[in-house]
Amino acid sequence: MGAREHRTGPRIRSMSSADPFDLKLAARLTPVVVEVPHAGLEVPAALKGPLVATPRDLRADADLFVDRIYQGAPGRGAPLLCARVSRYVCDLNREPDDVDARAVEGHSDPRPDSPRGFVWRLTTDGKPALARPLTRKEWQKRVDDVWASYHGVLEGLVAEAQAMCGHAILLSGHSMPSVGRALHADSGRPRADIVVGWRGGESCAPRVKDLCVEHFRARGYSVAVDDPYRGGATTIRYGKPGEGVHAVQIEMSRALYMDEQAHAPREQGLSRVRADADALVDALAALDLGR
């Protein structure tokens, strides 16, 4: 038997233009929650600070159109949380303390070297993203206004799914350049179409990982596991399979659905990956993870 599904009336959350995210709730609830933390491009004036990354940098390092890929999730019983704010304001797939002294001055416990942590001081092409380090006050405002707001909602969505269905599956939707870029560990190396990140089994049960791998391979994609992406801070934070919460990160090659140089969608490819993402949400919702 698949996972229990619960039907409710439409659930509405009051949204504001000041929110750093878009949230679409589901009228029925399955165990699946979908988040897209890197599709946003907004840089609120109050949070711009010393940012010097160009609009092209922001687009090159954003997971463009991934919010569109998963737009069908709420109609399939999975709430969808998408960041509006650029990862250059703060990276929602990193912990706030993942910074170094050249990114945030006066931090009490900086990492030795973290150029693309919670605060990006370098682009993936190796160009400066900041004119100077953030002050501790600027860092704290990003934590309070963006990170805490987004993760407060995500934590609630995951807890609700688990409470209603007995377990939860957090699907973290991402995209990746088709070839590793300058500051990537696999610089210059072509990548698989799909990378399934499960942190070597730490963030989800093997059945969740295997379903994702088999789902995409059956549809003709090349698939890698944990290479070059194992899952970020979100999968570490929420993925507790022993407690009934599973988190899996899905990276899609941008070459599948967009022109990587022009940062423009290819509608035929986008339609294909959107249909396959819809089917993945359905398959995860039906997965029997009885304990």
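Start with the sheet: seven strands make an open sheet in the order β2-β5-β4-β6-β9-β7-β8, and the pairing is mixed. Keep in mind that what you're looking at is a predicted model. At the edges of the sheet you'll find β2 (21-24) and β8 (223-225), each of which has a single partner strand, so one side of each goes without a neighbour in the sheet. Going from one strand to the next, the twist averages 20°.

Now for how the pairing works. In general, the strands of a sheet pair through backbone hydrogen bonds, in either a parallel or an antiparallel way. A good place to look here is β5, because its two pairings show what "mixed" means in this sheet. On one hand, β5 (residues 80-83) pairs with β4 (residues 32-36) in the parallel sense, over three bridges. On the other, β2 and β5 pair in the antiparallel sense, over four bridges.

You can trace this residue by residue. On the β4 pairing, Glu35 sits opposite Leu81 of β5, and Val36 sits opposite Cys82 of β5. On the β2 pairing, Lys24 is opposite Leu80 of β5. Turn to the side chains of β5 and you'll see Leu80 and Cys82 pointing one way, with Leu81 and Ala83 pointing the other way. Buried or exposed, these four? All of them are buried.

Next, the helix on the sheet. Strand β4 has a parallel partner in β5, over three bridges. Helix α4 (residues 136-165) packs on the sheet, where it touches β2, β4, β5, β6 (168-176) and β9 (245-253). The direction of α4 makes about 165° with that of β4.

Finally, have a look at a pair of helices. Helix α5 (residues 206-218) packs with helix α7 (residues 267-286) at an angle of about 150°, and their axes are 11 Å apart. Angles over 145 count as roughly antiparallel, and α5 and α7 are therefore roughly antiparallel to each other. The crossing of α5 past α7 is right-handed.

Which residues meet here? From α5 come Val208, Leu211, Cys212, His215 and Phe216, and they meet Asp276, Ala279, Leu280, Ala283 and Leu284 from α7. Sort the residues of this contact by character and you get eight nonpolar, one polar and one charged.

Notes:
Residues are numbered from 1 along each chain as its sequence is written. This is a predicted model: local features need pLDDT of at least 70, side-chain atom pairs count only at pLDDT 80 or more; totals for chains, interfaces and linings use all residues. Side-chain values use heavy atoms; hydrogens and water are left out. Axes are lines fitted to C-alpha atoms, for helices over the stretch in contact, and angles run from 0 to 180 degrees between N-to-C directions. Angles under 35 degrees count as roughly parallel, over 145 as roughly antiparallel, 65 to 115 as roughly perpendicular and the rest as oblique. A crossing is left-handed if the near helix is turned anticlockwise from the far one by less than a right angle, and right-handed if clockwise. Contact means heavy atoms within 4.5 Å. Ala, Val, Leu, Ile, Met, Phe, Trp, Tyr, Cys and Pro count as nonpolar, Asp, Glu, Lys and Arg as charged, and the others, Gly among them, as polar. Two strands pair if DSSP finds at least two bridges between them. Buried means under 20% relative accessible area, exposed over 50%, partly exposed in between (1.4 Å probe, protein chains only).
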